[in-house]
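Visitor: I have a model open and would like to learn how to read it. Where should I begin?

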Amino acid sequence: MALKIMPHGRLQEWVAEEKGFFTAEGLDYSFIITGDYGLISVRRDEAGEIKTGAFETFGAGRSGADVSCACHWATNAAAREGSGQLVTTAYSVAPCAIVVPPESPVRRPEDLAGVPIGVGYHSGSHFAALQALEPVLTPDELTLTFQGPPNERLDALLERQVPAAVTWGVPLYIAQAFGFRTVVDSTFMIGFLVTGREATKADVEKYLAALKRAQMEIDLHPELYKHYHLRTVPEKYREQVDVRAFGTGERIVFLPYPREVFTQTQEWTEAHRLFDAVSAQAGYDEAALT
């Protein structure tokens with residue numbers, strides 16, 4: 001059975017396909033490309049916020065994908081609650097920042113006190129904002145507004161519907177192309193989660209082996225592959241930005257996601273009361289892909 005892969009708005013899957021790395025590893029695969037980074041439809045509540053995010057997509061089945069990615073806080077929690085199995089042999093790091101329009105008076109992290117910051121609910125931008133700002137702002141000074149997945153949030157930012165927002169990957173590069181300024185870096189870790197019941201560990205290992213070869217290609221010759229960013233740039237912005245000016249985006253790290261990191265992440269999310277408590281939660285051995 002083909003491994004159904006949901007790309008994550010990055011270069012590695014496309015490079016692996018172009019260079020034939022998946023096939024060379026003996027992987028039968030297909031791509032699942034739906035919605036805005038896995039979110040198919042978004043609805044705003046009466047307050048104008050979107051209270052669903054990456055974490056909820058795992059419980060909803062990720063559009064039938066066998067393997068996909070989200071921030072490590074969400075994949076950690078989803079694995080603990082039985083929505084999938086956590087890949088513990090690799091993770092990735094996404095360039096991310098809290099940005100403001102060029103005309104904004106905000107210059108330093110402290111200036112964000114009381115300023116609504118657009119983030120995605122239960123997603124990397126949500127947790128990254130907390131992690132980046134808690135050393136400088138008190139909880140009552142930090143104001144988050146849930147503005148949906150990355151591209152929806154990018155629209156809200158560029159249209160000045162929010163005075164600041166957390167952006168990562170291609171949306172961050174787009175915001176920078178329009179002159180938006182970084183107030184604080186909030187780069188964060190992303191995890192892989194296997195949600196397909198028919199997916200095997202052997203197939204996931206082949207998938208990662210192909211991505212590892214793709215990562216080396218990107219590291220060596222980034223200029224050859226940046227054109228793939230256009231697949232992630234919303235059509236409305238494609239004529240206004242030049243992907244050659246973009247960075248290489250998310251970088252896959254082929255190091256373990258160990259038990260102690262799993263536990264520390266769990267303790268952090270619980271201390272911040274970010275997820276509803278459940279009666280049973282899997283430990284590292286049960287949550288990890290075996």
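Guide: Begin with burial. This is a predicted model, and 54% of the 290 residues of the chain count as buried. Buried here means under 20% relative accessible area.

Visitor: What does the chain expose, and how much of it do carbon and sulfur atoms supply?

Guide: About 12,900 Å² is exposed by the chain, and carbon and sulfur atoms supply 49% of that area.

Visitor: How many helices and strands does the chain have?

Guide: The secondary structure comes to 10 helices and 12 strands. The chain is as compact as a globular protein of its length, because its radius of gyration is 18 Å, close to the 19 Å that the globule rule gives for 290 residues. The C-alpha trace spans about 55 × 50 × 30 Å along its principal axes.

Visitor: What share of the contacts joins residues far along the chain, 24 or more positions apart?

Guide: Among contacts with a separation of 6 or more, such pairs account for 79%.

Visitor: Now a single element. Is strand E3 enclosed or open?

Guide: Count its buried residues. In E3, residues 67–71, 5 of the 5 are buried, so the strand is largely enclosed by the rest of the structure.

Visitor: Which strand pairs with E3, and in which sense?

Guide: Strand E11, residues 188–194, pairs with E3 in the antiparallel sense, over 5 bridges. To place the pairing on screen, find Ala-70, which stands opposite Gly-191 in E11.

Visitor: And the charges: how far apart are the mean positions of the positive and negative ones?

Guide: The chain has 26 positive and 38 negative charges, and their mean positions are 3 Å apart.

Note on methods: Residues numbered from 1 in each chain as written. Predicted model: local features only at pLDDT ≥ 70, side-chain atom pairs only at ≥ 80, totals over all residues. Heavy atoms only, no water. Helix = DSSP H or I, 4+ residues; strand = E, 2+ residues; numbered from the N terminus. Rg over C-alpha atoms; globule rule 2.2 N^0.38 Å. Buried < 20%, exposed > 50% of the residue type's maximum accessible area, 1.4 Å probe, protein only. Contact = heavy atoms within 4.5 Å. Areas by Shrake-Rupley, 256 points an atom, 1.4 Å probe, with all protein chains shown as cover. Lys, Arg positive; Asp, Glu negative; His and termini not counted. Charge placed at Lys NZ, Arg CZ, Asp CG, Glu CD. Pairing = 2+ DSSP bridges.
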